[in-house]
Amino acid sequence: MASVQPSAAALAPQRPSTAATLPSPSISPRVFPFPRTRARRLEVAARAMPWPHVLTVAGSDSGAGAGIQADIKACAALGAYCSSVITAVTAQNTVGVQGVHAVPEDFVGEQIRSVLSDMSVDVVKTGMLPSAGIVKVLCGSLRKFPVKALVVDPVMVSTSGDTLSGPSTLTIYRDELFPMADIVTPNVKEASKLLGDVSLQTISDMRDAAECIHKLGPKHVLVKGGDMPNSSEAIDVFFDGKEFIELRGLRIKTRNTHGTGCTLASCVAAELAKGATMLHAVQVAKKFVESALYHSKDLVIGNGPQGPFDHLFSLKSPLYKMGSLHKFNPNDLFLYAVTDPGMNKKWGRSIKDAVKAAIEGGATIVQLREKDTGTREFLEAAKACVDICRSSGVPLLINDRIDVALACNADGVHVGQTDMPAWEVRELLGPGKIIGVSCKTPAQAEQAWKDGADYIGCGGVFPTTTKANNPTLGFEGLRTVCSASKLPVVAIGGINAGNAGSVMELGLPNLKGVAVVSALFDRECVTTETRSLRSILMNACSKS
Ligand SMILES: Nc1ncnc2c1ncn2[C@@H]1O[C@H](COP(=O)(O)OP(=O)(O)OP(=O)(O)O)[C@@H](O)[C@H]1O
Ligand SMILES: Cc1ncc(CO)c(N)n1
Ligand SMILES: [Mg+2]
């Protein structure tokens with residue numbers, strides 16, 4: 001296959017809504033507010049605009065959690081059109097696979113021809129290919145009608161343990177299909193089968209397997225670890241022929257994991273069709289599966305051990321916005337700017353200007369801590385700050401106010417010991433957002449970790465006037481918490497240009513940076529103060 005390039009669709013401006021493309025004299029202006037000439041222009045533009053298009057060549061799952069049904073839902077959720085060639089009809093539910101009826105090879109060929117000879121397909125994604133003959137037909141069709149990318153999910157065994165593609169397909173997969181593929185996405189069991197039943201128990205085994213499968217010809221390999229035992233994380237290994245990347249996600253506790261593999265591969269295909277690079281496509285796909293599992297973890301459909309999940313969760317959780325996901329990087333805690341309403345008012349600057357100045361000076365993460373600001377004013381300022389932070393790639397958190405964080409689509413929330421418990425915050429925000437918790441003791445740090453927080457703030461390290469009744473921990477208290485913490489730590493409380501260096505020079509385990517309030521915002525020029533604090537921290541780190 002040709003290498004993956006951004007498609008014209010990815011570069012095209014936002015598509016007008018379908019409603020705007022259907023002018024009709026009988027529709028009242030209330031339903032259809034555009035003047036006719038504008039509507040006509042939009043209609044013509046929409047016709048000329050290609051829609052990112054994935055063709056899935058896969059089996060039907062009557063329970064609709066996996067197979068063709070999962071593929072269509074996943075592509076729809078990510079904004080790609082999905083046409084479908086059915087290779088087999090399965091009788092399947094949450095208990096297992098009761099029957100498989102393969103579609104005759106010739107008719108699979110005819111379906112592929114119908115789609116590829118007429119529609120402009122960007123990416124072909126394959127799922128269940130029940131016979132060697134069907135794989136052969138597919139390879140022939142792809143040679144005749146080349147597409148931009150080929151995603152191969154080598155479906156062999158369902159999670160229920162039922163065979164979906166027998167050993168007769170192994171050779172042709174390896175010899176004909178893999179060399180044409182841009183990515184192959186086996187789970188651990190499939191990777192093992194492809195490599196002659198080798199045992200795969202560890203991440204290192206998954207890496208070796210990815211490397212061996214890469215030698216069979218695909219440009220990229222993703223070995224999926226959804227079924228790896230004894231792990232609190234779901235870890236997949238990505239290999240591009242040079243570098244291994246471990247994609248780590250939360251392992252969601254749920255029975256509803258039927259179809260995760262099909263969904264992941266379809267999301268990769270959808271993102272490629274939209275013009276993404278392979279690594280980005282895989283990252284989005286993994287996050288999508290994690291989020292969908294999280295939002296569907298308590299769904300009950302069917303009585304068997306493995307239920308389907310909801311691909312269209314974002315329609316029902318409008319507060320949950322995929323576009324905002326900021327993958328947490330503990331190094332972002334390096335220079336953590338926390339706003340204070342009194343100080344910024346005193347110096348005559350708005351919250352927005354204060355945040356802009358801190359980012360200009362090199363702040364690596366920002367928290368809005370607006371204890372006395374009215375909700376409406378706070379939300380307005382928060383929305384403006386989200387725009388500034390997102391355009392600078394700096395995460396923005398909201399102190400305590402989950403409602404404001406949701407409404408402005410911030411990157412996360414920071415809570416104290418008397419605020420909402422972190423696990424409840426996680427329930428509301430989902431897995432993609434950053435959660436920080438203020439902790440003074442190892443027990444609180446342990447609880448924050450159990451609750452699913454991403455980092456802890458530990459202090460006051462020095463006496464502070466910003467927060468009333470805040471006991472000072474000193475270096476020893478900070479050391480105790482840092483040593484015990486399973487999460488990255490940011491030190492807070494009375495930290496300024498005079499003492500920040502000494503905090504970082506302690507070289508404490510898990511300590512990633514310092515959080516400051518008055519040292520930045522109770523000063524005339526926020527940018528200058530931030531810049532100088534940043535260089536102090538960098539010097540200290542190079543010493544420790
Ligand atoms: N419980 C879970 N929590 C989070 N992510 C998960 C979980 N289970 C699977 N995943 C993720 O889902 C994706 C699909 O991997 P998995 O190993 O489940 O594929 P699969 O076995 O082919 O799935 P299926 O055959 O059910 O369609 C991977 O990114 C994996 O890490
Ligand atoms: C039809 C079909 N394709 C793929 C899978 C793998 O999840 C399944 N269970 N059923
Ligand atoms: Mg699978």
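Student: Is glutamine 417 buried, exposed or partly exposed?
Tutor: Keep in mind that this is a predicted model. Being buried takes 20 or more other C-beta atoms within 10 Å, while 12 or fewer makes a residue exposed. Glutamine 417 has 13 C-beta neighbours inside 10 Å, so the label is partly exposed.

Student: Which residues does glutamine 417 touch, leaving out those up to four places away in sequence?
Tutor: Start with where it lives: glutamine 417 is in the loop between β13 (412-415) and α16 (422-429). Alanine 448 is 31 residues away in sequence, yet the two C-alpha atoms are 9.7 Å apart in space. With the residues up to four places away set aside, glutamine 417 touches Ser438 and Gln444.

Student: Okay, on to the open sheet. Which strands stand at its edges?
Tutor: Nine strands make up the sheet, with mixed pairing, in the order β3-β2-β1-β4-β5-β6-β7-β8-β9. Each edge strand has a single partner, so one side of it is left without a neighbour in the sheet; these strands are β3 (97-102) and β9 (244-250).

Student: What is the bridge partner of glutamine 92 in β3?
Tutor: Strand β2 covers residues 81-92 and runs antiparallel to β3, with five bridges joining them. Glutamine 92 is bridged to a residue in β3, and that partner is valine 97.

Student: How many residues of the shell around ligand 1 are charged?
Tutor: The shell holds 24 residues, with Asn187, Lys224, Gly226, Ala234 and Gly261 the closest. At least two residues come from each of β8 (233-239), α9 (260-273) and α10 (278-295). Seven of the shell residues are nonpolar and 11 are polar, and the charged ones number six.

Definitions and conventions
Residues are numbered from 1 along each chain as its sequence is written. Chains are lettered from A and ligands numbered from 1 in the order in which they are written. This is a predicted model: local features need pLDDT of at least 70, side-chain atom pairs count only at pLDDT 80 or more; totals for chains, interfaces and linings use all residues. A residue is near a molecule or strand if its C-beta atom, placed from the backbone, lies within 6 Å of it. Helices (H or I, at least four residues) and strands (E, at least two) are DSSP runs, numbered from the N terminus. Ala, Val, Leu, Ile, Met, Phe, Trp, Tyr, Cys and Pro count as nonpolar, Asp, Glu, Lys and Arg as charged, and the others, Gly among them, as polar. Two residues are in contact if their C-beta atoms, placed from the backbone, lie within 7 Å. Two strands pair if DSSP finds at least two bridges between them.
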